[in-house]
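Visitor: Please take a close look at the aromatic side chains of this protein, and then follow the account outward to the strands, charged pairs and helix that complete the picture.

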Amino acid sequence: MRVLVSGASIAGPVLAYWLTRRGFEVTVVERSPALRKAGGHAVDLFQPAMEISAKMGVLPGIEARATGNDRLTLYREGHFRPTELDLTKIVSATSDRHVEIMRDDLSEIYYNAGRNDVEYVFGDSITAIDIEGEVTFEHMPPRTFDVIVGADGLHSNVRQLTFGEEAELIRFLGGYLAVISVPKALAEDSEMVGHIGVGRVVVTYTAAHLDDARVVFLFRSHDELDYDLQDGLRQKALLRERFAGMHPQVDRWLGEIDDTPAFYFDAISQLRLDRWSRRRVTLVGDAGYCPGPAVGGGGTSLAVVGAYVLAGELARAGGDHLAAFAAYELAMREPVHLSRSFARSAARTIIPGSRIGVWALTRGARLASGMPTPLARVMAKTKGVRLHDSMRVPAYDDDLTATPREE
């Protein structure tokens, strides 16, 4: 069976790895001319995704690239004394097995795991998909596939071609996310520094293996802002307007915007599509069920689990892609809906809308940081924040643990 995957970020390479392992002929097409190195932010892998990564033999490489941030110095706007937080205690309360890693690093690790067995085509994209599986590309001649998978993110091209305009499917969660790259001297290894105020949060961090630092900006907005996705100058102006004067340190970070080698800006939005398959096409990861970036929805782990399940169900169905799609959607429905619900709630909390909200978030983080780990885990279960660890992953007969790969 020939499978075309659109997107080479996280879900795409994981899906390609497991499909080729199960005997499928896989092509991955990626619009970017090479693996993206856009200076993206750190992402979280929770226990189910960690276990899948272990089966792929790449977990040692993932752990070696962990950011290693175990402390957060958090300043409330208008207050001079910071709150010192032990992130290891907070993380251990939410997950039994977890790693934070830069998105670009994780993408590269998953890509390297299967690239020798997968046909990767960079610098091209899909322009049309026929009902019989014929696919037209921007540059390549048309080719026919048995299954086409969109793994191309929240603004998925495959989803637009298959399901129509994405505006009808995306729910704005009331905030924006921006990430910039700044000189490494502006951050400390193993320590994050953040500032929090009404409607805005900013954090900087780095990692030992990085040659720069990243600054993540989050801010509230009642309505969606008017800007073009390709208009970086407008996006940078919006960011300055929202964060200017918050703190001298934040102003210093903002001063790097014009010289940053990497800049990301987008709405914090949630995809509300409830069916991810149509005819020969299905979606995986953020293309199908993005819970919302940067608001604790576990999108990266959800993408890894979804890719693994989709590959397993295609193999189990013995070539009947419609049966496989139905089983895949059934297996993923509960974790997707739980992640969406959690992300909507978290979006209201992570970016406080009032002074009381700022105080409550800071106070809650301080209590979690100082609480004994066993008690913190009990509290976390009652609050539902361990749901990313509890995602059930089906077992497939041909699962074998791969030999760890050298990085």
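Guide: Two rings of Phe, Tyr or Trp, the last represented by its six-membered ring, count as a pair if their centres lie within 6.5 Å. On that basis, one aromatic cluster is formed by Phe-172, Tyr-176, Phe-217, Phe-219, Tyr-227, Phe-243, Phe-263 and Phe-265. A charged side chain joins one of these rings: Lys-236 lies over the face of Phe-263, at 5.3 Å from the ring centre. The model is a predicted one. Its mean pLDDT is 89, with 92% of the residues at 70 or more. Residues 375-384 need separate treatment, as pLDDT stays under 50 there. For that stretch the model has 12 contacts beyond four places in sequence.

The structure holds 17 aromatic pairs. In one of them, Trp-18 and Tyr-308, the ring centres are 5.0 Å apart and the planes stand at 80°, so the arrangement is edge-to-face. This pair links distant parts of the chain, since Trp-18 belongs to helix H1 and Tyr-308 to helix H10, 290 residues apart. Both Trp-18 and Tyr-308 are buried. Another pair, Tyr-120 with Phe-122, is stacked, with 5.9 Å from centre to centre and 10° between the planes. Tyr-120 counts as buried because its relative accessibility is 16%, whereas Phe-122, at 25%, is partly exposed.

From the aromatic rings the account moves to strand S14, residues 200-205. Six of its six residues are buried, so the strand is largely enclosed by the rest of the structure. Arg-200, Val-202 and Thr-204 point one way from S14, and Val-201, Val-203 and Tyr-205 point the other way. S14 has paired strands to describe as well. With strand S13 (residues 191-197) it pairs in the antiparallel sense over five bridges, and Val-193 stands opposite Thr-204. The hairpin of S13 and S14 has two residues between the strands, and in it Gly-199 takes a positive phi near 80°. With strand S15 (residues 212-220), S14 runs antiparallel and is joined by six bridges. Val-216 in S15 is the bridge partner of Val-203. S14 and S15 form a hairpin too, with six residues between them.

Charged side chains add further links. The count of salt bridges comes to 13. In one of these, the side chains of Arg-65 and Asp-105 meet at 2.9 Å, N to O. Arg-65 lies in the loop between H3 and strand S4 (71-76) and Asp-105 in helix H5, so this bridge ties together parts that are 40 residues apart in sequence. Arg-65 is partly exposed at 28% relative accessibility, while Asp-105, at 7%, is buried.

Arg-240 and Asp-258 also meet in a salt bridge, at 2.7 Å, N to O. Arg-240 is placed in helix H7 (residues 232-243) and Asp-258 in the loop between helix H8 (248-254) and strand S16 (263-271), so the parts tied together are 18 residues apart in sequence. Asp-258 counts as exposed at 54% relative accessibility, and Arg-240 as partly exposed at 30%.

A further salt bridge, 2.9 Å from N to O, brings together Arg-275 and Glu-329. Arg-275 lies in the loop between S16 and strand S17 (277-278) and Glu-329 in helix H11 (residues 321-350), so the link spans parts that are 54 residues apart in sequence. Arg-275 is exposed, with a relative accessible area of 53%, but Glu-329 is buried at 3%. Elsewhere, Asp-70, Arg-71 and Glu-191 are linked in a network of salt bridges.

Helix H2, residues 47-56, closes the account. Its buried residues are Pro-48, Ala-49, Met-50, Ile-52, Ser-53 and Met-56. These pack against several elements, among them H1 and H10, the two helices that hold Trp-18 and Tyr-308. Helix H3 (59-64), helix H5 (103-114), strand S3 (42-45) and strand S6 (99-102) are likewise packed against by the buried residues of H2. Just after H2, Gly-57 takes a positive phi of about 80°.

Definitions and conventions:
Residues are numbered from 1 along each chain as its sequence is written. Side-chain values use heavy atoms; hydrogens and water are left out. Buried means under 20% relative accessible area, exposed over 50%, partly exposed in between (1.4 Å probe, protein chains only). Helices (H or I, at least four residues) and strands (E, at least two) are DSSP runs, numbered from the N terminus. Contact means heavy atoms within 4.5 Å. pLDDT is the predictor's confidence in each residue, from 0 to 100. Rings of Phe, Tyr and Trp (its six-membered ring) pair if their centres lie within 6.5 Å; planes under 30 degrees apart count as stacked, over 60 as edge-to-face and the rest as tilted. A charge sits over a ring if NZ of Lys or CZ of Arg is within 6 Å of the ring centre and within 35 degrees of the ring normal. A salt bridge is a side-chain nitrogen of Lys or Arg within 4 Å of a carboxyl oxygen of Asp or Glu. Two strands pair if DSSP finds at least two bridges between them.
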